[in-house]
Amino acid sequence: MAETSKADGGRLTTHVLDTATGKPAAGLSIALYHLDGAARTLLKTVATNGDGRCDAPLLAGSEFRTGEYELVFAAGDYLRGQGIKLPNPAFLDSVPIRFGMADAVHYHVPLLISPYGYSTYRGS
């Protein structure tokens, strides 16, 4: 199922753009965690494709549950892989984004990344 296809119930997708190059961030590793109070459970680890997207929704169908989640983007590994010399430690190595999903609808959590800044928003 392509990430942009419709699925019954809710679904979670992401997209990563490298704002330093103006290109999709291909090959960036992303970990998805479910949060339950102080507990954090790893659900899956994926990597972005050539379009900066995942090949399938992170959650969809029977996998989708409302609740609190965290996406951790391995920005430092990606940037070093692009040949960018980062200080040690890197200003942005891992970028965590915590968010909640209250309804069984589509949640899109994009990340815009560069070596010294990032932003996110609820996309569509």
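Tyr-121 is partly exposed, since its relative accessible area is 47%, which falls short of the over 50% needed to count as exposed. In this predicted model, Tyr-121 lies in the segment after β9. Setting aside residues up to four places away in sequence, Tyr-121 touches His-108, Val-109 and Pro-110. A UniProt record, an unreviewed entry, gives Tyr-121 the feature "binding site", together with His-15 and Arg-53. Let's visit the other two residues named there.

His-15 belongs to strand β1, which spans residues 11–18. Is His-15 buried or exposed? Its relative accessibility is 11%, so His-15 counts as buried. Beyond its neighbours within four places in sequence, His-15 is in contact with Asp-51, Gly-52, Arg-53, His-108, Val-109, Pro-110 and Leu-111. Among the residues that Tyr-121 touches are likewise His-108, Val-109 and Pro-110. Two polar links of the His-15 side chain are worth finding on screen. One goes to the backbone oxygen of Asp-51, at 3.0 Å. Another is a polar contact with the side chain of Arg-53, at 3.4 Å. For a sense of scale, the C-alpha atoms of His-15 and Arg-80 are separated by 19 Å, with their positions 65 residues apart along the chain.

Arg-53 sits in the loop between β4 (39–47) and β5 (59–60). With a relative accessible area of 23%, Arg-53 is partly exposed, because the limit for a buried residue is under 20%.

Thr-48 is found in that loop between β4 and β5 too. Thr-48 counts as buried because its relative accessibility is 6%. Its side chain reaches the backbone nitrogen of Leu-28 at 2.9 Å. Leaving out neighbours within four places in sequence, Thr-48 is in contact with Val-16, Ala-25, Ala-26, Gly-27, Leu-28, Ile-30 and Arg-53. Thr-48 and His-15 therefore each have Arg-53 on their contact lists, where contact means heavy atoms within 4.5 Å.

Now let's turn to the interior. In soluble globular proteins, nonpolar side chains tend to be buried together. Here, the largest nonpolar core has 27 residues, and the members that touch the most others are Leu-12, Val-16, Leu-71, Phe-73, Val-95, Phe-99 and Met-101. Which elements supply at least two residues each to this core? They are β1, β3 (29–36), β6, α1, β7 and β8. Met-101 makes a good place to look around: not counting residues up to four places away in sequence, it touches Leu-12, Leu-59, Phe-64, Arg-65, Thr-66, Gly-67, Tyr-69 and Tyr-107.

The aromatic rings come next. A pair of aromatic rings is described by the distance of the centres and the angle of the planes. How many aromatic pairs does a search of the whole structure find? The search finds two. In one of them, the ring centres of Tyr-69 and Phe-99 are 6.3 Å apart and the planes meet at 25°, so this pair is stacked. The pair links distant parts of the chain, with Tyr-69 in strand β6 (residues 67–73) and Phe-99 in strand β7 (residues 95–101), 30 residues apart. Tyr-69 and Phe-99 are both buried.

The other pair is Phe-91 with Tyr-116, whose centres lie 5.8 Å apart with planes at 35°, so the pair is tilted. This one also links distant parts of the chain, 25 residues apart: Phe-91 is in the loop between α1 (75–81) and β7, and Tyr-116 is in the loop between β8 (106–114) and β9 (117–120). Phe-91 counts as exposed because its relative accessibility is 56%, and Tyr-116 is exposed too, with a relative accessible area of 55%.

Rings also meet charges in this model. The charged end of Arg-40 sits over the ring of Tyr-33, 3.7 Å from its centre. Arg-122 has its charged end over the ring of Tyr-107, at 4.0 Å from the centre.

Finally, let's follow the chain to Ser-124, in the segment after β9. At 81% relative accessibility, Ser-124 counts as exposed. Apart from residues up to four places away in sequence, Ser-124 touches His-106 and His-108.

Notes
Residues numbered from 1 in each chain as written. Predicted model: local features only at pLDDT ≥ 70, side-chain atom pairs only at ≥ 80, totals over all residues. Heavy atoms only, no water. Helix = DSSP H or I, 4+ residues; strand = E, 2+ residues; numbered from the N terminus. Buried < 20%, exposed > 50% of the residue type's maximum accessible area, 1.4 Å probe, protein only. Polar contact = N/O pair within 3.5 Å; in protein donor to acceptor, adjacent residues only side chain to side chain. Phe/Tyr/Trp six-rings, centres within 6.5 Å; stacked < 30°, edge-to-face > 60°. Lys NZ or Arg CZ within 6 Å of the ring centre and 35° of its normal. UniProt positions renumbered as here; feature names shortened; annotations may be inferred. Core = buried A, V, L, I, M, F, W, Y, C linked by side-chain atoms within 4.5 Å.
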